[in-house]
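Hello,

Here is the structure I promised to pass on to you. Please have a look at it first, and then read on for what turned up in it.

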Amino acid sequence: MIVKELTIPYKLLMDVALLRRLRPSHPKLAMIEEDLTRRKVGYRGEQNLLYHLGFLPPQNQKIFFGLRLPFEDKTFQIDTLILTPSFILIIEVKNYSGILLFEKHSDQLIRIYQNKEETFPNPIFQVQRHHILFDRFLKHYNIPNVPIEHIVIISHSTTQIKTASDNLHIYEKVLHSEKIISKMAELHQRHKQNKLKNHHLQKVSQLLLEQHKPEVPNSNEIFDIYKDEIIKGVCCPVCRAFKMVRKHGKWVCSRCHTSSKEVHKQAILDYLLLIEPSITNKSCQDFLDLSNPSLVHRLLSSMKLPSKGNDGGKKYLLPTPAYFQEQYGF
């Protein structure tokens, strides 16, 4: 049972919005494009794992994607967590291509791809840190002692995983997505005693959902891009110019004459991703270059965004990533 769905990352959505709203000569475009490519690859890797998890036998297990949990002075993110009555599995997903060489003596990960050799942080250490923090997290909330396991999933089935002959334990911790079914069966055999009763499972599940803190992107913190660099207005879906004006109940591009009734929605979501995670009627008027507060109220209300406050002080809030997927097909 999937308790927390896999959703498209805010940062990926932010990259798409930035590429739309920065001038073509902006010096950070190449960096953002590279970041977008990396995030798309990572998201596809998680989707690949989701596909294979769908073949697990129907057992009493709860699956969480993209948990971001605060503990003490830290916040740690778990790509995928599987909660069962007898054990908990923490999964770190990597979407590397080529040949992965796990060095024994240096404890480094070396990737050989397209005749180029690169060194990456060892993902086993990363998932081990998450294991330690999650164990402390559970103890802090007085959750009964339950075995915690951790693995690294390499989502590309053609990626080769290599190590020295005296370092073969690596293959117990690093495996391809399609092996998750046999790995879960192995863990169920290893941990046969149920440690969590049904009410404990429900308690832990509720705790994880309550404590999850989604990361809201900030283009200034990530790319050192300021609000005044973001192009205002409504972008034409055909010629990509910010020349859309409101005429007779729809938006019309003054360059190519394309018309649309819905294109303002993308602009408002861009504002929430790039400027600030809430928008008022007044700030929306400024961003869309409109001077009719009643019209802007109708445009904002029609989007069914989360909101707070009333009347003139009402703020419409950045929706969840699921909203972007459900409403606009991202």
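Let me start with the cavities: there are two of 30 Å³ or more in this structure, which is a predicted model. The second largest cavity encloses about 40 Å³ of space. If you would like to find it on your screen, look for Asp 135, Leu 138, Lys 139, Ile 143, Pro 144, Asn 145 and Val 146, the residues that line it. By class, that lining has four nonpolar residues, one polar residue and two charged ones.

Next, the pockets. The largest pocket has a volume of about 1600 Å³. Its lining is made up of 43 residues, and those closest to the centre of the pocket are Pro 9, Arg 39, Glu 46, Gln 77 and Asp 79. Which helix gives the largest share of this lining? That is helix α2, running over residues 29-53, with eight residues. Sorted by class, the pocket lining holds 17 nonpolar, eleven polar and 15 charged residues.

Now for the sheets. One of them is an open sheet of six strands with mixed pairing, and reading across it you meet the strands in the order β1-β2-β3-β4-β8-β10. At its edges stand β1 (2-4) and β10 (174-176); each has a single partner strand, so one side of each is left without a neighbour in the sheet. On average, neighbouring strands here are turned by 35 degrees against each other, with direction ignored.

Within this sheet, β3 (residues 74-83) and β4 (residues 88-94) run antiparallel and are joined by four bridges. One pair to look for is Leu 83 with its bridge partner in β4, Ile 88. Helix α6, residues 198-211, packs on the sheet and touches β1, β2 (62-71) and β3. The direction of α6 makes about 55 degrees with that of β2.

There is also an open sheet of four strands, again with mixed pairing, in the order β7-β6-β5-β9. Its edge strands are β7 (116-120) and β9 (160-163), each of which pairs on one side only. Neighbouring strands in this sheet are turned by 25 degrees against each other on average, direction ignored. Strand β5 (residues 99-102) runs parallel to β9, and four bridges join the two. Here you can pick out Leu 100, whose bridge partner in β9 is Ile 161.

Last, the salt bridges. Side chains of opposite charge can pair when their charged atoms come close. With a side-chain nitrogen of Lys or Arg within 4 Å of a carboxyl oxygen of Asp or Glu as the rule, the count comes to 18 salt bridges. One of them is formed by Asp 270 and Arg 21, whose closest N and O atoms are 2.8 Å apart. What does this pair tie together? Asp 270 belongs to helix α8 (residues 264-274) and Arg 21 to helix α1 (residues 10-21), so the pair links parts that are 249 residues apart in sequence.

Enjoy exploring it, and do write back with any questions.

Best wishes

Conventions: Residues numbered from 1 in each chain as written. Predicted model: local features only at pLDDT ≥ 70, side-chain atom pairs only at ≥ 80, totals over all residues. Heavy atoms only, no water. 1 Å grid on protein atoms, 1.4 Å probe; cavity = no way out; pocket = protein on both sides within 12 Å on 5 of 7 lines; lining within 4 Å. Points joined across faces, edges and corners; volume = space filled by probe spheres on them. Nonpolar A, V, L, I, M, F, W, Y, C, P; charged D, E, K, R; others polar. Pairing = 2+ DSSP bridges. Axes fitted to C-alpha atoms, helices over the stretch in contact; angles between N-to-C directions. Contact = heavy atoms within 4.5 Å.
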